Amino acid sequence: MTGPGLPPDGAVTPDAGRYGERFFRPDEGGEGDRIDLGALTYDATTIARLRMLGAGPGWTCLEVGAGTGTVARRLLDEAGVDSVLAVDRDVRFLAAHPVPGLTVRQADITSDDFAPGPFHLVHVRFVLMHLPSPRRMVARLSGLLAPGGVLVIGDAVDLTTAEAPDTPYTRAMRAMWQGLRDTIGTDVSQVPRHPELLRAAGLERVAAEIHVPPLEPGSAISGFWADTWGRAREAMVGTGLVDNARIDEAVRFLDSPACTGLSPGMLTAWGHRPAQHAGR
C-alpha cells in the first residue's frame, strides 16, 4: 500500500549491508554500554509517551529491536503492562537481564514468518531507519496490532543539514550519516514522513513529536555519539568528508563548552488500529 507522495520501496535506501554486522556488532566490546548511553538519553521520553498512549495493566506489548531491554523492562516495572515480547536479531544483552513478564525471542522482523501477536502495543525505536523498506515494515507491524492497539515508531532526525553551522561536530555527523548510508543503508532523510507511513497502513489518530536532547560535556548523549563515531570511523573516513584527525577533533569538541550543536532529534510517531477491523 502506498499513500500520496510516498516513495516506492527501495527507492531511497540502498540495501548495502546490515546494521550489527559490519558496524555496531553485538560481539564488539562495549556495544551494550553504547546502547545503554542511548537508553539513558531517550528512555524517559519514550516511556512517558507510551504511558500517555495508555500502556498499563492488561496490555500485551511487542518491543522490536529491543537492544539491552531497557524499554521492555520499564514497561513492566513502571507502566505495569502484563507482558512484553522483546525481539532482536541478537539477544545476548536481553538474555542477560531476565525479569518476570519478559519473553525474549531471537528473530528477524523482516522475515516472512515473523507474525506474533496480536498486541495492544508495538514499539520500534531506531530500527526502521536502518532497513531498506520502512513503509513495508510499518504495514507489517500494523498487522500485529489487536483492534484498538497502537503502533509507536521512533527514529533519528538529522539536524546537521547543510544550513547548520560548520563545526567539528557537524562535519563528523554529516560524514557519519553519509558513511552509514553508503555502507549499511541507514537513511534518516525520510524519517519526517513516518506519520504518512502510519496513515498509509490504515492507522487512525496519527500524531508525532520530536525530542532533542542537549549536547553537554560529559552527558550520556555526547558519550553515545563519541562512541558511535569510533565504531563507524571506517565508514566516515570513506566518505572523504573527514579524516581520522577530524574525527578526533570532533570527539574533543563534543566534550568542550564550545560545542553548541544540536543532537539528532528522536521523532516518535504513533497511530491506532481501528477498533473494528475486518479479518480479526
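This short talk walks through the confidence, the sheet and the helix packing of the structure shown above.

Let me begin with confidence, since what we have here is a predicted model. The average pLDDT over the protein is 91, and 92% of the residues reach a score of at least 70. The stretch I would ask you to keep apart in your minds is residues 1-15, where pLDDT stays under 50, although the model does have 34 contacts for this stretch beyond four places in sequence.

Turning to the sheet, we find seven strands in an open arrangement, with the order S3-S2-S1-S4-S5-S7-S6 and with mixed pairing. Strand S3, residues 102-106, and strand S6, residues 204-211, are the edge strands, and each of these pairs on one side only. From one strand to the next the twist averages 15°.

I would like to spend a moment on strand S4, which covers residues 119-125, and to ask how many of its seven residues are buried. The count is six, so to speak of S4 as mostly covered is fair by the definition of buried as under 20% relative accessible area. On one side S4 pairs with strand S1, residues 60-64, in the parallel sense and over four bridges, and within that pairing valine 64 stands opposite valine 124 of S4. S4 also pairs with strand S5, residues 145-157, again in the parallel sense, here over six bridges. In S5, isoleucine 153 is the bridge partner of valine 124, while glycine 154 stands opposite arginine 125.

Next come the helices that lie against this sheet. Helix H1 packs on the sheet and touches S4, S5, S6 and strand S7, residues 265-272, with its direction at about 155° to that of S4. Helix H2, residues 70-79, packs on the sheet as well, touching S1, S2, S3 and S4, and its direction makes about 180° with that of strand S2, residues 83-88.

Finally, H1, which spans residues 31-52, also meets helix H7, residues 220-231: their axes come within 8 Å and cross at roughly 145°, and the crossing is left-handed. On the H1 side the contact is made by Glu31, Arg34, Leu37, Gly38, Leu40, Thr41 and Tyr42, and on the H7 side by Ala220, Ile221, Gly223, Phe224, Asp227, Thr228 and Arg231. Which kinds of residue make up this contact between H1 and H7? They divide into six nonpolar, four polar and four charged.

Key: Residues are numbered from 1 along each chain as its sequence is written. This is a predicted model: local features need pLDDT of at least 70, side-chain atom pairs count only at pLDDT 80 or more; totals for chains, interfaces and linings use all residues. Side-chain values use heavy atoms; hydrogens and water are left out. Axes are lines fitted to C-alpha atoms, for helices over the stretch in contact, and angles run from 0 to 180 degrees between N-to-C directions. Helices (H or I, at least four residues) and strands (E, at least two) are DSSP runs, numbered from the N terminus. A crossing is left-handed if the near helix is turned anticlockwise from the far one by less than a right angle, and right-handed if clockwise. Contact means heavy atoms within 4.5 Å. Ala, Val, Leu, Ile, Met, Phe, Trp, Tyr, Cys and Pro count as nonpolar, Asp, Glu, Lys and Arg as charged, and the others, Gly among them, as polar. pLDDT is the predictor's confidence in each residue, from 0 to 100. Buried means under 20% relative accessible area, exposed over 50%, partly exposed in between (1.4 Å probe, protein chains only). Two strands pair if DSSP finds at least two bridges between them.
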